[in-house]
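Me: Please take a close look at how charged side chains pair up in this model, and set that part in the context of the whole chain. I would like one connected account, with the cut-offs stated for each term.

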Amino acid sequence: MQDADLRRDTVIDPPVGHELRDLRPGYIALFGIALTAVIVAAAVIASLLIHFKAAEYSRQETPVPRLAGEREATPGPRLQVEANNELRQMRAAEDAALNRYEWVDKSSGSVRIPIERAMEIVAKKGLPARKQEEKAR
């Protein structure tokens with residue numbers, strides 16, 4: 001009995017090929033078909049879910065206020081037609097403010113003086129100095 005067992009186990013050249021009992025082409029094809037069906041079903045379910053949720057969301061949106069729908073026309077660009085004249089007028093107004101005497105606030109005694117006169121006063125009197133206590137800080 002032992003001789004018969006040894007002869008089966010000691011085959012010199014085993015046949016080249018694959019194991020037929022583990023590999024069944026029908027099962028592989030069935031798995032491929034089932035996997036394809038699951039993927040297609042998932043895609044259909046996802047697209048239906050997106051469609052229904054979008055419809056539900058559009059029904060829940062608040063309506064746009066009436067005034068938001070009425071828009072005014074955008075104004076055109078504001079161009080300077082006479083830029084040179086406008087610049088001359090602006091500089092003339094600046095010169096007038098810098099070179100004349102004028103009350104700013106009569107009740108508080110604030111006046112505007114020409115800039116040349118203000119520089120002369122600052123040159124004679126100097127700028128107010130800080131107290132020594134403030135410098136120590």
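Reply: Of the 137 residues of the protein, 1% count as buried, where buried means under 20% relative accessible area, exposed means over 50%, and partly exposed covers what lies in between, judged with a 1.4 Å probe and protein chains only. The model is predicted, so that local features need pLDDT of at least 70 and side-chain atom pairs count only at pLDDT 80 or more, whereas totals for chains, interfaces and linings use all residues. Residues are numbered from 1 along each chain as its sequence is written, and side-chain values use heavy atoms, with hydrogens and water left out.

The protein exposes about 13900 Å², of which carbon and sulfur atoms supply 60%; accessible areas come from the Shrake-Rupley method with a 1.4 Å probe, and for residues only the protein chains shown count as cover. Its 6 helices and 2 strands run α-α-α-α-β-β-α-α from the N terminus on, helices being DSSP runs of H or I with at least four residues and strands runs of E with at least two, numbered from the N terminus.

Turning to the charged pairs, a search of the whole structure finds 4 salt bridges, each defined as a side-chain nitrogen of Lys or Arg within 4 Å of a carboxyl oxygen of Asp or Glu. The part that deserves the close look is a network in which Glu 102 takes part in two of these contacts: Glu 102 meets Arg 112 at 2.6 Å, N to O, and this pair links distant parts of the chain, because Glu 102 lies in strand E1 (residues 102-105) and Arg 112 in strand E2 (residues 110-112), 10 residues apart. Glu 102 also forms a salt bridge with Arg 100, whose closest N and O atoms are 3.6 Å apart. Salt bridges that share partners thus join Arg 100, Glu 102 and Arg 112 into one network. Each member counts as partly exposed, with relative accessibility of 38% for Arg 100, 29% for Glu 102 and 33% for Arg 112.

Another salt bridge pairs Lys 53 with Glu 56, the closest N and O atoms being 3.8 Å apart. Here both residues lie in helix H2, 3 residues apart, which is about one turn of the helix. Lys 53 is partly exposed at 48% relative accessible area, and Glu 56 is likewise partly exposed at 32%.
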